[in-house]
Amino acid sequence: MRDTSPVIRLRTASATAVSAVVLVIAGLLIATPAVSNAAPTGLRYTVVGFDSANARSMDVYESSDGTQFDLARKGAYRPAAGAVRDPSIFRSADGVYHLTYTTGGAKIGFAESTDRLNWTSTGDLPVPFCCAFLPGTGDGKGLSLPFPFTGSAGFKGGPSLSPFVTKAWAPDWFVEGGQVSVILSLSTGGGFVPYVMTALDSSLRRWGLPRLMTGINADHIDTTVVKVGSTYHAFTKNETKKIIDHAVAPSLTGPYRYIPAGKWGTLREGPAVTQLPDGTWRIYYDAYRENKYFYSDSTDGLKTWSPSKEVPGLSGNVHHIGVLKEQVG
């Protein structure tokens, strides 16, 4: 049967075809060769982040406990053109690691690796349009209208009047069951709003149209989501207040409602969340003006958070990380 679903297709960066992948999160549990600092627990935490001095270079760090990180490779990936900001990493069941990142402009980049240390571009994904008559993605100019939205094109208080994306930034993998999605922040000239795009096949080359994450207001970026039980937890940078907000929903696309976040301070962005061997949840975030990276822990299911501490090995070296926990050995 012919597929008539609306799709966005990946623009390849080379003649080499993208390897087919199995879209199963169980791939996180497949054994890989152990590294020198493999923990007795058999867990390894891999962090990818763009170099604090060079947004066109991505570094790879690793840890056995999620706290002390060591450099695995400096300059592990440098795309032929554009930036490699805000990288996010996941591993498919066939052992292939996948990267998505901000290139700049209205597209996001993709790369893959078999060892986390050597990466090959698999192309850029143009996101040409998304947001006509949807809230918060425009330039915020014009007259005020009594709409419950902000950051719109044409009117200060109305929805975007243009469907054309000018920025597609901060993509973040979300994998559930056999479905792979990317959460990304879109703008048609003004404030960012988070959307979800889902892969239509195992090649990660064909994608559905962006779907709005309802309940997360305009001017939010760097959104990442983890699922605990039946609840989806979104951590997202509030661009107005320059803080990290915490929202929950019954589904990936919402509707989200805000709950109290940790006391992580202002001028914060780039949240990434993982779980430690004892069940503790950990959020890492970028204090970008201070050029430091911090973490904070929750032992009660993301309800309350510990005082923040600097991340040894990462702080001062990278910005906006992605983190992958996997079994090794």
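This is a short dialogue about reading strands in a predicted model.

User: Where should I start: how many helices and strands does the chain have?

Analyst: Happy to help! The chain has 0 helices and 22 strands. Let's pick one strand, β7, which covers residues 107-113.

User: Which strands pair with β7, and how do they run?

Analyst: Pairing is read from the bridges between two strands. Strand β6 (residues 97-102) is joined to β7 by 6 bridges, and the two run antiparallel. On the other pairing, 6 bridges link β7 to strand β8 (residues 120-126), again antiparallel.

User: Which residues could I look at to see each pairing?

Analyst: For β6, find Thr100, which stands opposite Phe110 in β7. For β8, find Ser121, the bridge partner of Ala111.

User: What lies in the turns of the hairpins?

Analyst: Look at the residues between the paired strands. The hairpin of β6 and β7 has 4 residues between its strands, and Gly104 in that turn has a positive phi of about 105°. In the hairpin of β7 and β8 there are 6 residues between the strands, with Arg116 in the turn at a positive phi of about 75°.

User: Is β7 mostly covered or mostly open?

Analyst: Start with the general idea: side chains in a regular strand alternate between the two faces of the sheet. Now the case here: β7 is mostly covered, with 6 of its 7 residues buried, that is, under 20% relative accessible area.

User: And what percentage of the chain's residues are buried?

Analyst: Of the 329 residues in the chain, 54% are buried. The chain exposes about 13600 Å², and carbon and sulfur atoms supply 55% of that area.

Notes
Residues numbered from 1 in each chain as written. Predicted model: local features only at pLDDT ≥ 70, side-chain atom pairs only at ≥ 80, totals over all residues. Heavy atoms only, no water. Buried < 20%, exposed > 50% of the residue type's maximum accessible area, 1.4 Å probe, protein only. Pairing = 2+ DSSP bridges. Areas by Shrake-Rupley, 256 points an atom, 1.4 Å probe, with all protein chains shown as cover.
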